[in-house]
Amino acid sequence: MRVTRRNFLVISAFAVVSGCRGTRGRSSARVVAWGGPGRRNGSFITPRAIGVDKGEVYVVDTTGRVQVFTQDGGFLRQWFLPESENGTPTCVAFDRRGRVLLPDTHYHQILVYSRGGELLDRWGSYGTDPDQFIYPTGIVEGPDGALYVSEYGTDAERMRVFDKDHRFVRQWGEFGEAPGQFNRAMAIEMGRDGTLYVVDTGNNRVQRFDTRGALLGVIGEPGTGPGQLKDPFDVAVAPDGSVFVCEYGNHRLSRFTASGEFLGATGGPGRNLGQFNAPRGVAVSQPGEGGSESRVYYVFVADTGNHRVQRLDMEVLD
């Protein structure tokens with residue numbers, strides 16, 4: 001194990017990861033961690049949202065900061081949100097113009113930043129009208145510039161679609177347990193084929209939709225066993241089509257195929273490398289970003305209860 005000091009702690013090692021090569025066995029994968037509790041650059045107070053784009057990792061914690069790092073954990077810069085007393089965003093996303101999109105969950109709006117932290121736009125307000133939000137949690141941009149937003153709250157368990165100018169287009173969903181219904185939708189992500197993956201936290205599942213809102217399938221069911229989910233909070237789709245689900249309740253990261261077949265899991269409660277404490281966010285890089293192997297991509301986890309970020313090096317599935 002190697003430990004280096006900058007303004008924060010970076011630890012790298014090899015940990016045992018179940019299913020990290022797309023099998024149901026166990027193999028070794030490199031794990032890098034950085035952070036620790038605190039308010040200094042490179043430390044965190046309960047990080048709850050994470051995103052990666054163009055080799056940079058963006059992390060939001062409950063201090064109201066957005067910190068930006070290299071993929072090896074080197075601190076680059078930070079900025080503060082306009083308000084954070086009520087809570088902080090649960091998602092970091094990016095549009096095709098390279099801007100940073102933050103669903104400001106507890107302030108019922110979407111914040112748009114430059115990569116350097118300049119606030120470029122903000123839209124939305126409190127309410128249930130088509131152009132308003134209760135608790136927006138996730139956002140993703142489609143190939144045509146349409147924006148898909150997950151949301152929860154009284155009369156607001158829904159997915160909504162806006163055009164590139166933020167004009168309302170359509171919506172689907174309602175509160176409930178049946179397929180196509182939601183109970184605290186906490187995140188949304190899009191696969192390369194246009195499939196939308198929605199984390200349905202209260203129902204302990206991830207639902208798959210097309211861009212018109214037609215249900216394609218369900219991933220997971222309540223439980224603690226392989227392929228089951230407990231309090232999933234975030235989802236990320238890898239370049240090879242793998243779907244990574246961050247489980248707050250099971251303290252682990254589960255991996256599925258695009259259609260929902262269980263591939264393996266890593267984690268479990270703890271403080272050691274490869275273990276998690278109530279993780280809330282997951283993000284995936286492109287193969288070869290920050291590394292020399294084109295078949296390796298990075299999976300970043302906001303390890304919330306341990307006040308750190310962990311990076312798992314994954315191999316592209318054949």
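Is Asp165 buried, exposed or partly exposed? Asp165 turns out to be partly exposed, at a relative accessible area of 44%. Keep that residue in mind while we walk through the rest of this model, which is a predicted one.

Let's start with the overall build. There are zero helices here, and the protein has 26 strands. Of its 318 residues, 61% count as buried. The accessible surface comes to about 12800 Å², and carbon and sulfur atoms make up 46% of that. As for how the chain meets itself, take the contacts with a separation of 6 or more: residues 24 or more positions apart account for 43% of them.

Now for the inside. The largest nonpolar core has 17 residues, and those with the most contacts inside it are Phe244, Leu253, Val282, Val284, Tyr297 and Val299. Several strands feed this core: β3 (26–35), β21 (243–247), β24 (281–284), β25 (296–303) and β26 (308–315) each supply at least two of its residues. Of these, β25 gives the most, with three residues. Val282 is a handy place to stand and look around. Setting aside neighbours within four places in sequence, Val282 is in contact with residues including Phe244, Cys246, Leu253 and Val299. Ile50 is also among the contacts of Val282. Apart from this core lies another one, of 14 residues, and Ile50 is among them, along with Val52, Phe69 and Ala283.

What about the cysteines? The disulfide count comes to zero. Cys246 is buried, with a relative accessible area of 1%, and Cys91 counts as buried too, at 13%.

On to the charged side chains. Side chains of opposite charge can pair when their charged atoms come close. This structure holds 19 salt bridges. One of the places to look is Asp53, which pairs with Arg115, the closest N and O atoms being 2.7 Å apart. Asp53 sits in strand β4 (residues 49–53), while Arg115 belongs to the loop between β10 (109–113) and β11 (119–123), so this pair ties together parts that are 62 residues apart in sequence. Both ends of the pair are tucked away: Asp53 counts as buried at 17% relative accessibility, and Arg115 is buried at 19%.

Asp53 has another partner in Lys54, with the two side chains meeting in a salt bridge at 3.5 Å, N to O. Here the two ends fall into opposite classes, because Lys54 is exposed with a relative accessible area of 56%, whereas Asp53 counts as buried. Step back a little and these residues belong to a wider arrangement: Asp53, Lys54, Glu56, Arg77 and Arg115 are linked in a network of salt bridges.

That brings us back to the residue we opened with. The side chains of Asp165 and Arg167 meet in a salt bridge, with 3.4 Å from N to O. Arg167 counts as exposed at 51% relative accessibility, and Asp165 is partly exposed at 44%. Set that beside the Asp53 and Arg115 pair, where Asp53 counts as buried and Arg115 is buried as well.

Conventions:
Residues are numbered from 1 along each chain as its sequence is written. This is a predicted model: local features need pLDDT of at least 70, side-chain atom pairs count only at pLDDT 80 or more; totals for chains, interfaces and linings use all residues. Side-chain values use heavy atoms; hydrogens and water are left out. A salt bridge is a side-chain nitrogen of Lys or Arg within 4 Å of a carboxyl oxygen of Asp or Glu. Buried means under 20% relative accessible area, exposed over 50%, partly exposed in between (1.4 Å probe, protein chains only). Helices (H or I, at least four residues) and strands (E, at least two) are DSSP runs, numbered from the N terminus. Contact means heavy atoms within 4.5 Å. Accessible areas come from the Shrake-Rupley method with a 1.4 Å probe; for residues, only the protein chains shown count as cover. A nonpolar core is a set of buried Ala, Val, Leu, Ile, Met, Phe, Trp, Tyr and Cys residues joined through side-chain atoms within 4.5 Å. A disulfide is a pair of cysteine sulfur atoms within 2.5 Å.
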